[in-house]
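Here is a short report on a protein with a bound ligand. Look over the sequence and the coordinates before reading on.

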Amino acid sequence: AGYGLPRQVTILGATGSIGQSTLDVIARHPERFSVYAVTAHRSVDELAAICRRCHPRYAVIADETLVPRLVELLGPGHSTQVLGGNQNLCEVAAAPEADTVMAAIVGAAGLVPTLAAVRAGKRVLLANKEALVMSGALFMDAVVESGAELLPIDSEHNAIFQCLPVGQSRDLQGAGVRRILLTASGGPFRLSSAEMLQKVTPDQACAHPNWSMGRKISVDSATLMNKGLELIEACWLFNTEPSRVEVHVHPESIIHSMVEYLDGSVIAQLGSPDMRTPIANGLAWPERIDSGVESLDLFALGSFHFEKPDRKRFPCLDLAAEAFKAGGTGPVVLNAANEVAVEAFLAGNLSFTGIASVIETVLSSAPVSPATTLEEILAADHAARAEAQVQLRRFQ
Ligand code: NAD
Ligand code: MG
């Protein structure tokens, strides 16, 4: 892809929380970025509104039964071409005209299109952590092979990336790094007792104290599975191991993570909890652009706090670490069971504490096998989902 200006951007998951924040940053810089393609699962109204505002070349609705509806919403003569189906998500992610791909689909559904962008050698802005958790080695090998430019958007990983020397984000030893301090907000139930956790509702779980996000990642933040997924994500992105990554609960969510060097220096990245900062960082890297985020008011904040995560009340953190250590399909099974359990919780069919129970049971019943090919990964994902559905009934 030619890196002339404006850069042509494909946004996978444009209607979501990250997708909308990406569109907000792009709209501030029409001379730098142009929206090439936008995609969504089923939200046709939101996708049509984006098309009217941004005039992308393509709009892809993954549920192809909704293509006629989207065409109708846009009306005759609209410059955006409407496409449907999963194959077209991959087409717009890998199209020669696209320079940059924002991978912001939630969950395993994002794996194949994100990998298509990687294999096509794009600048890939990675928000869809589940894709990397599922396919770690395959994903990172594909980055090296294609020469794709992988930039982390998850706020913690973007912070770590910013705290590392340029060009050495996969050579921590060479960079003189002792450890990574991965910060966590602790979620909405940081101070809730184990008894209270059994009764919390989906709306309580989705009311995150600092960040406004999609519902799935909000529940993950509340169980600390999000931090577990991020621990795995950090190990793949920065070529390291869990023993070198220490989770620090920091309820203010202002320090987005830190890197400690051999000489005792600790470098932190700070900012308001607004995803437009890491998104702007990835879009413009290595340059800096305005993201619309206001200056940080440290006087108003006054102080920062740190505590260790409670691994008893929040067992998902250790479940993730164990799945990563098991290797192979371990993280695939972890992620699939989590997605099924979170969906059941959001639908009112599983208690909050049942989420960890379902995942633990599925993990212990599924043998770990190699996850070297996409086919093996997708097969393990399907099998774990089926097993999680069976286990769900036991915990209802
Ligand atoms: P969201 O639920 O708000 O949006 C998800 C997007 O993916 C929507 O556009 C939706 O249409 C699309 N999508 C969902 N299922 C799909 C499917 N089966 N096929 C195709 N498209 C599908 O989610 P979000 O909060 O924007 O999160 C997106 C990703 O970014 C997640 O992986 C999340 O972990 C990660 N992330 C989000 C935040 C945040 O602040 N929201 C922060 C860090 C990382
Ligand atoms: Mg994060």
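Which helix gives the largest share of the shell around ligand 1? Helix 1 does, with three residues. The model is a predicted one.

**Ligand shell**

The shell around ligand 1 holds 26 residues. G13, G16, H41, A109 and G214 come nearest to the ligand. Helix 1 is not alone: helix 6 and helix 10 also supply at least two residues each. By class, the shell has 13 nonpolar, nine polar and four charged residues.

The table gives the residue ranges of the helices named so far.

| Helix | Residues | Supply to the shell around ligand 1 |
|---|---|---|
| Helix 1 | 17-27 | at least two residues |
| Helix 6 | 129-146 | at least two residues |
| Helix 10 | 215-223 | at least two residues |

**Two domains**

The domain assignment gives domain 1 (7-153) and domain 2 (168-272 + 300-394). Why does ligand 1 lie between them? Both domains give residues to its shell, so the ligand lies between the two.

The domain centres, taken over C-alpha atoms, are 25 Å apart. The contact takes 16 residues from domain 1 and 20 residues from domain 2. On the domain 1 side, helix 6 gives the largest share, nine residues. That side has nine nonpolar, five polar and two charged residues. Helix 6 thus appears twice: it supplies the ligand shell, and it also touches domain 2.

**Nonpolar core**

In soluble globular proteins, nonpolar side chains tend to be buried together. Here the largest nonpolar core has 127 residues. Its members that touch the most others are L47, A103, A320, V333, A337, A341 and I359. Helix 15 (residues 330-346) gives the largest share of this core, 10 residues. Both domains take part: the core draws at least three residues from each of domain 1 and domain 2.

L47 deserves a look of its own. Which residues is L47 in contact with, leaving aside its neighbours within four places in sequence? They are A14, T15, V38, A40, A59, I61 and L70.

**Helix 11**

Helix 11 spans residues 225-237 and has 13 residues. From its first C-alpha to its last it reaches 18 Å, close to the 18 Å expected at 1.5 Å a residue. Is this helix mostly covered or mostly open? Helix 11 is mostly covered, with 13 of its 13 residues buried. N239 follows helix 11 and has a positive phi, near 55 degrees.

Methods:
Residues numbered from 1 in each chain as written. Chains lettered and ligands numbered in written order. Predicted model: local features only at pLDDT ≥ 70, side-chain atom pairs only at ≥ 80, totals over all residues. Core = buried A, V, L, I, M, F, W, Y, C linked by C-beta atoms within 7 Å. Buried ≥ 20, exposed ≤ 12 C-beta atoms within 10 Å, placed from the backbone. Helix = DSSP H or I, 4+ residues; strand = E, 2+ residues; numbered from the N terminus. Domains from an automatic or database assignment. Contact = placed C-beta atoms within 7 Å. Expected span 1.5 Å × (residues − 1). Near = placed C-beta within 6 Å. Nonpolar A, V, L, I, M, F, W, Y, C, P; charged D, E, K, R; others polar.
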